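Biologist: I'd like to learn how to read a model like this one, feature by feature. Can we put it on screen and go through it together?

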Amino acid sequence: MQKYSHVFEVLKENGIKELRPPQKKVIEKGLLNKEKNFLICIPTASGKTLIGEMALINHLLDENKTPTNKKGLFIVPLKALASEKYEEFKRKYEKYGLKVALSIGDYDEKEDLSSYNIIITTAEKLDSLMRHEIDWLNYVSVAIVDEIHMINDEKRGGTLEVLLTKLKNLDVQIIGLSATIGNPEELAEWLNAELIIDNWRPVKLRKGIFFQNKIMYLNGACKELPNFSNNPMLNLVLDCVKEGGCCLVFCNSKNGAVSEAKKLNLKKYLSNSEKYELQKLKEEILSILDPPTETCKTLAECLEKGVAFHHAGLTYEHRKIVEEGFRNKLIKVICCTPTLSAGINIPCRRAIVRDLMRFSNGRMKPIPIMEIHQCIGRAGRPGLDPYGEGIIFVKNERDLERAEQYLEGKPEYIYSKLSNQAVLRTQLLGMIATREIENEFDLISFIKNTFYAHQYGNLGGVLRNIKEVINFLEENDFIADYFPTKLGKRVSELYIDPLSAKIIIDGLKEMGNVDNEELYYLYLISKTLEMMPLLRVNSFEELDLILEMEEAGIYDRTYDDLAAFKNAKMLYDWINEVPEDEILKKYKIEPGILRYKVEQAKWMIYSTKEIAKLLNRNIDTLSKLEIRLEYGAKEDIIELLKIKYVGRARARKLYDAGIRSVEDIINNPKKVASLLGEKIAKKILGELGMKFGQQTLQI
């Protein structure tokens, strides 16, 4: 190991004095052999990430701990996780001269990452970068793929599979990090990787079932809980909190997480200092959106009681406050959806699974065993908890056996999702556009190297799908004889589904003289696949929507058309400054979902503008629409909205009072304070370089 002493020195300098058993095992099996791939399947919190970091250090630093001029990729499934790793890696490795990059931004962007050594990104972003023919890919010598079991994901798995197939064709060491899966041998064999399975955990995990106020552990032990209240879930939470622990409660839906959080009240078990700090968190939550929405108010009320909820309906800023409050032990319990278990590193003492079924595709379906295992795997904080507990909350006797099967059962097999038509359309156009595929022989050679081919052997099914996709790309002028057209090349770079591009092109051609161009464009993009899922249309809304569509010169009639128009109306309200809380109530969505839909709309309006350029169409309205979507406002207040802490409501208030530019704000601090309040005025003026220190603004 003398040859690799620099790797262990770097670990020691970052506070790692001793490796954990799974980490030692991987080293012994040859992790530091740069030509050997690995698939690591070990429990949450057992040190998967550090295994990847050791491989990075080995490739990127030489024996003298100086950069080798090589690059390493760290691929994660979520942007939030990428941001977390970016901060951590910067702190650890920039002192050795390694430059760390975070690449999670716009897809149509050729970032210059040539001077960076560690690139943290998502599979989709890396795939989009490759379409811009990046010149630094040949310097990549190692790729760490976190949550590699995402290859099984219905929507995103195909992209990860294509990416891994490309990496396999390069001279790159691949380290796959995974939760426990049912068929790891099959995935390892495809990756030509050594499989490491280990069940060691830094904190012992007790698994059990909660029923009739008792925890029945799998080892036969039983714990009767005190009756703190008439709410069984509150009893289960308090039993842990009163002993100094904290809980995650996993629910099957966003609404379920909110309603469960509202039922829990830990106020009388909080210290005065905790109540004081939680009050500050409450104020922070209420200051994010102007004015605060119902979701903000509900979350703020929960925080006062030492409780929070966490799901995709919250904005990124809300989620960060909740996560930090939990890590600092101010928030004692978070009610969340299982997506939290796959994302941010938030361990607890007791992980409680409230639901084993969830609504999906029109009916209730069992949640996968793998997902439940990931949830309970969050239990046990190294250095903080003497043990962790994964508890399934059972409401009736008939679910006892099912709960036991979840706790003891083997996770499901993972399968290739490459036969998904949407994935094939996007990926085949991408590879033809970058000339990775120049003919049918190249195409079949690539497919033969995929996980799909490895798993199924018979390529008949996928080749039929591929033939259909190639025909579609040719018929719609994206390719000609395996060569990209100008349109095909641009659509590939925009990283949108070619079917969405066809919808946009057809819509632009059929547009004619519509009265309201903005509403029409918003309707057009709402019909694309990237904007799915759309808002639900209730039967009592249908007639009104049809009449409004006719008024706007749109004569489509299917349910999907009505849903697209309803989505367009929501976006139209957004750009016309309808108060956010009003939009949320009217369309029955949460702030985070609105933000996500606006982000997607910005991307698709930009893509529509780029396609319109190729068709020699006027893009003035589209250019303005892009900016208005960004800020959710009419054109006149855009300049004010570029200033931090000035939201839509504050900008309109300033504008209507005659303050219409940065200069106006700087020249009228007293007026700004009288309009917005002293506290916000100080923040805005500070942002513009005006320092007020401790003095107050005289109103």
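Modeller: Sure. Labels come before anything else: helices (H or I, at least four residues) and strands (E, at least two) are DSSP runs, numbered from the N terminus. Keep in mind that this is a predicted model.

Biologist: Let's use those labels, then. Where is Pro533 placed?

Modeller: Pro533 sits in the loop that runs between H21 and helix H22 (542-551).

Biologist: And what is the peptide bond from Met532 to Pro533, cis or trans?

Modeller: The general idea is that most residues other than glycine have a negative phi, and most peptide bonds are trans. Here, the bond from Met532 to Pro533 is cis, and its omega is near -5°.

Biologist: You mentioned phi as well. Which sign of phi does Glu147 have?

Modeller: Positive, about 55°, although Glu147 is not a glycine. You'll find Glu147 in the loop between strand E5 (140-145) and helix H6 (157-168).

Biologist: Back to H21, then. How do I read the crossing of H21 and H23?

Modeller: Take the angle between the two axes and see which class it falls in. Helix H21 (residues 517-526) and helix H23 (residues 559-575) have axes that come within 8 Å and cross at roughly 130°. Over 145 would count as roughly antiparallel, and 65 to 115 as roughly perpendicular, so H21 is oblique to H23. The crossing of these two helices is right-handed.

Biologist: Which residues of H21 and H23 make the contact?

Modeller: On the H21 side, Glu518, Leu519, Leu522, Tyr523 and Ser526. H23 brings in Asp561, Ala564, Phe565, Asn567, Ala568, Lys569, Leu571, Tyr572 and Ile575. Sorted by type, the contact residues of H21 with H23 are nine nonpolar, two polar and three charged.

Biologist: What is the angle at which H20 and H21 pack?

Modeller: About 150°, for helix H20 (residues 498-509) against H21, with the axes 9 Å apart. Angles over 145 count as roughly antiparallel, so H20 is roughly antiparallel to H21. H20 passes H21 in a right-handed crossing. Ile503, Ile504, Gly507 and Leu508 of H20 touch Tyr520, Tyr521 and Leu524 of H21. The contact of H20 with H21 divides into six nonpolar residues, one polar and no charged.

Biologist: Now sheets. In what order do the seven strands of the open sheet come?

Modeller: Read across the sheet rather than along the chain. The order is E3-E4-E2-E5-E6-E1-E7, with parallel pairing. Strand E3 (100-103) and strand E7 (193-197) are the edge strands, each pairing on one side only. From one strand to the next, the twist averages 15°. Inside the sheet, strand E2 (residues 71-76) and strand E4 (residues 118-122) pair in the parallel sense over five bridges, and Phe74 has Ile120 in E4 as its bridge partner.

Biologist: What about the pairing in the sheet of eight strands, parallel or mixed?

Modeller: Mixed, in an open sheet ordered E10-E9-E8-E17-E14-E11-E13-E12. Strand E10 (222-224) and strand E12 (307-310) stand at the edges with a single partner strand each, so one side of each has no neighbour in the sheet. Neighbouring strands are turned by 20° against each other on average, direction ignored. Helix H13 (residues 369-376) packs on this sheet, touching strand E8 (205-211), E11, E14 and strand E17 (388-393), and its direction makes about 150° with that of E14.

Biologist: How many residues lie between the strands in the hairpin of E15 and E16?

Modeller: Two, and Asn361 takes a positive phi near 50° in that hairpin. Strand E15 (residues 357-360) and strand E16 (residues 363-366) pair in the antiparallel sense over four bridges. In E16, Met364 is the bridge partner of Phe359, while Lys365 is that of Arg358.

Biologist: Last one. How many salt bridges does the structure hold?

Modeller: Side chains of opposite charge can pair when their charged atoms come close. The structure holds 51 salt bridges. One case is Lys65 with Glu9, whose closest N and O atoms are 3.3 Å apart. This pair links distant parts of the chain, 56 residues apart: Lys65 is in the loop between helix H3 (48-60) and E2, and Glu9 is in helix H1 (residues 5-13).

Technical notes:
Residues numbered from 1 in each chain as written. Predicted model: local features only at pLDDT ≥ 70, side-chain atom pairs only at ≥ 80, totals over all residues. Heavy atoms only, no water. Axes fitted to C-alpha atoms, helices over the stretch in contact; angles between N-to-C directions. Parallel < 35°, antiparallel > 145°, perpendicular 65-115°, else oblique. Left-handed = near helix turned anticlockwise from the far one by under 90°. Contact = heavy atoms within 4.5 Å. Nonpolar A, V, L, I, M, F, W, Y, C, P; charged D, E, K, R; others polar. Pairing = 2+ DSSP bridges. Salt bridge = Lys/Arg side-chain N within 4 Å of Asp/Glu carboxyl O.
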